[in-house]
Amino acid sequence: MKKMNRDMHYLQLLSTSFPTIASAATEIINLEAILNLPKGTEHFLADLHGESQAFQHVLKNASGNIRRKVSELFKGDIREAERRELCTLIYYPEEKLELIKAAEEDIDDWYHITIHRLVAVCRDVSSKYTRSKVRKSLPEEFAYIIEELLHERTDDIDKAGYVSVIVDSIISTGRADDFIIAICNVIQRLAIDQLHILGDIYDRGSGAHIILDTLRQYHSWDIQWGNHDMLWMGAAAGNNACICNVLRLSLRYANLATLEEGYGINLVPLATFAMDTYGDDPCEEFMPRLLTGNTLDEKTMRLTAQMHKAISVIQFKKEAQVFHRRPEWQMEDRCLLEHIDYDRGVCTIVGKEYPMTSCHFPTIDPQHPNELTDEENTLMEKLHHSFRVCEKLQKHVKMLLSHGCMYTICNQNLLFHASCPLNEDGSLKAVQLIHGEQYSGHELMHNIGMLVRAAFESDTDKELRLYARDYFLYLWCGKDSPLFDKSKMATFERYFLTDKDTYKEEKGYYFQLRDNEEVCDRILDAFGVKGKNRHIINGHVPVHARAGENPIKANGKLMVIDGGFSEAYHKETGIAGYTLVYHSRGFQLVQHEPFTSAQDAIQRGIDIKSTTQLVELSAHRMLVADTDKGADLRSQIADLRELLYAYRHGILKEKNKI
């Protein structure tokens with residue numbers, strides 16, 4: 001009886017949207033038609049690491065898909081140079097128009113030809129969507145005109161004049177530039193139905209804030225948080241150890257654009273403190289790694305190194321304070337400032353002494369090595385305040401929270417950034433969270449996600465909120481963190497110890513066993529991922545493509561798509577990033593070469609050189625019916641059929657009937 005009452009209550013609510021038999025039946029017809037459209041194209045990217053120009057270009061060219069469509073549409077009709085110019089116009093319409101107008105002698109003729117070509121491309125990329133969805137993608141001022149041009153053709157004798165007059169009018173009214181910009185943006189938008197980012201927007205590159213500004217305007221995207229994202233989220237939440245790590249990584253690559261230009265973080269107090277404290281220290285271990293195009297004079301290099309060392313020492317102190325406060329994490333062995341013989345310049349690790357590269361620590365009291373000096377405390381208060389009150393950073397973190405989580409399941413694909421902790425035998429490892437509670441697999445990821453959100457919710461219990469704020473550090477460098485999953489983070493050793501054996505960070509069992517199909521199936525089962533063609537998709541660990549490493553593992557069950565967008569990884573991977581594309585005919589992996597610049601793309605028509613390999617071909621062309629959205633639509637159809645039954649048998653009365 002209770003179920004019947006609930007069903008009736010739901011049907012009554014549904015009837016407010018569909019008050020008549022006709023309206024309910026029309027919606028059923030509409031939904032069943034949508035089920036038979038080809039599935040939308042999904043793009044998967046990982047480990048962007050602040051490479052905003054390359055990221056934006058990949059979005060604009062849909063990982064090479066727009067260039068392919070232009071080639072297919074116009075091959076044999078127009079020259080390759082014209083096709084390249086058309087693609088560049090689609091990617092950068094405002095900038096390219098200015099160059100064309102400065103060089104083109106008969107601009108009206110060019111407008112005529114170009115508008116017809118752009119309409120053809122737009123018609124092609126919109127063909128797998130309903131008119132309703134396409135209409136919602138159109139800019140309001142040109143919606144009617146674009147829709148008419150998409151559905152009327154010049155090869156229809158009866159409509160040829162109609163179409164020509166529309167184009168003539170666009171030009172004669174002086175709206176050609178605005179129209180071209182609008183339709184180019186529509187092409188870009190429709191070429192990618194859903195964007196998945198598998199973590200690590202931040203660090204190394206200079207444009208993480210630009211990437212997030214781009215995503216803020218993007219039509220449909222999600223993110224599975226990465227360890228570098230978590231570091232910045234922790235900094236925004238007020239975790240001082242995370243703040244130190246964020247600053248240290250930025251200084252390591254002499255990349256302060258995101259901090260200073262993106263978020264307005266005031267680094268003058270850090271610079272002043274560093275000059276006063278380390279003015280006579282060569283800070284050789286802390287000289288920044290300069291990426292291409294980033295040049296610094298000797299004075300700036302030295303100041304950057306001093307700031308780098310200053311914040312690193314404070315970081316080691318702040319981390320040790322957290323590790324002692326949370327002994328259940330079993331990370332007190334990483335409090336290495338306590339194991340230095342400051343007179344002899346050696347550090348003892350697991351009973352063995354290692355000589356240090358230098359031992360100049362003017363702010364460390366050997367009796368109390370983890371305590372900050374008064375000056376360091378004052379500095380940290382200022383830095384803490386800067387991160388907490390930065391409105392733009394807080395907005396970006398809210399975006400990461402609203403669009404993200406630790407994992408996502410979409411269309412039989414399990415997405416997470418790095419790892420699902422495992423035991424040596426490949427079984428799911430139970431990991432302890434707050435109050436000694438242990439979770440593994442799906443429950444672990446879910447509860448970590450809830451813990452992350454608790455750090456930002458004002459009504460969270462104080463104890464839980466403090467623990468959640470501390471836990472950002474564990475997610476960054478904890479042994480059983482799904483975002484790290486290594487024996488240790490050897491930051492201290494790489495700076496101060498000469499023995500490279502101490503640098504080794506042993507990877508967890510997930511990374512050792514992820515090529516095992518049975519292990520992947522066990523993880524997929526634990527997350528409830530169904531279907532024959534199910535997959536795990538990860539980033540985090542760069543694929544050594546140059547050395548012949550295959551990103552496709554476990555007989556196709558797992559795909560690792562970190563191809564090294566960041567220049568810091570180009571030598572390691574031999575490429576400059578991957579895009580995994582999942583369209584109606586299967587999976588394709590697009591391998592990108594380094595991106596030169598947007599200016600080269602605009603002026604010289606230079607696109608990212610990309611090669612595509614077929615990963616998995618579907619036995620039939622996948623439709624919306626084969627996707628998660630299809631399952632939702634079938635559920636809606638079933639509900640609407642119940643509503644129809646209720647109307648036709650007098651259980652509910654139709655409304656608005658005369």
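Which residue stands opposite L195 in strand 3? L195 stands opposite W221. This is a predicted model, and the pairing belongs to a set of strands described next.

**The strands**

Strand 2 covers residues 194-197. Strand 1 runs parallel to strand 2, and four bridges join the two. Here L45 stands opposite I197 of strand 2. Strand 3 also pairs with strand 2 in the parallel sense, over three bridges.

| Pair | Sense | Bridges | Opposite residues |
|---|---|---|---|
| Strand 1 (residues 42-45) and strand 2 | parallel | four bridges | L45 and I197 |
| Strand 2 and strand 3 (residues 221-224) | parallel | three bridges | L195 and W221 |

How does the chain get from strand 2 to strand 3? The path leads through helix 12, residues 208-216. This β-α-β crossover is right-handed.

Strand 2 is covered on both faces. Q194 and H196 lie on one side, and both are buried. L195 and I197 lie on the other side, and they are buried too.

**A helix pair**

Helix 5 (residues 80-91) meets helix 7 (residues 107-125). Their axes come within 11 Å. They cross at roughly 75 degrees, so helix 5 is roughly perpendicular to helix 7.

Which residues make the contact? Helix 5 supplies E82, E85, L86, L89 and I90. Helix 7 supplies W110, T114, R117, L118 and V121. By type, the residues of this contact divide into six nonpolar, one polar and three charged.

Notes:
Residues numbered from 1 in each chain as written. Predicted model: local features only at pLDDT ≥ 70, side-chain atom pairs only at ≥ 80, totals over all residues. Heavy atoms only, no water. Axes fitted to C-alpha atoms, helices over the stretch in contact; angles between N-to-C directions. Parallel < 35°, antiparallel > 145°, perpendicular 65-115°, else oblique. Contact = heavy atoms within 4.5 Å. Nonpolar A, V, L, I, M, F, W, Y, C, P; charged D, E, K, R; others polar. Buried < 20%, exposed > 50% of the residue type's maximum accessible area, 1.4 Å probe, protein only. Pairing = 2+ DSSP bridges. Right-handed = clockwise from strand over helix to strand, strands pointing away.
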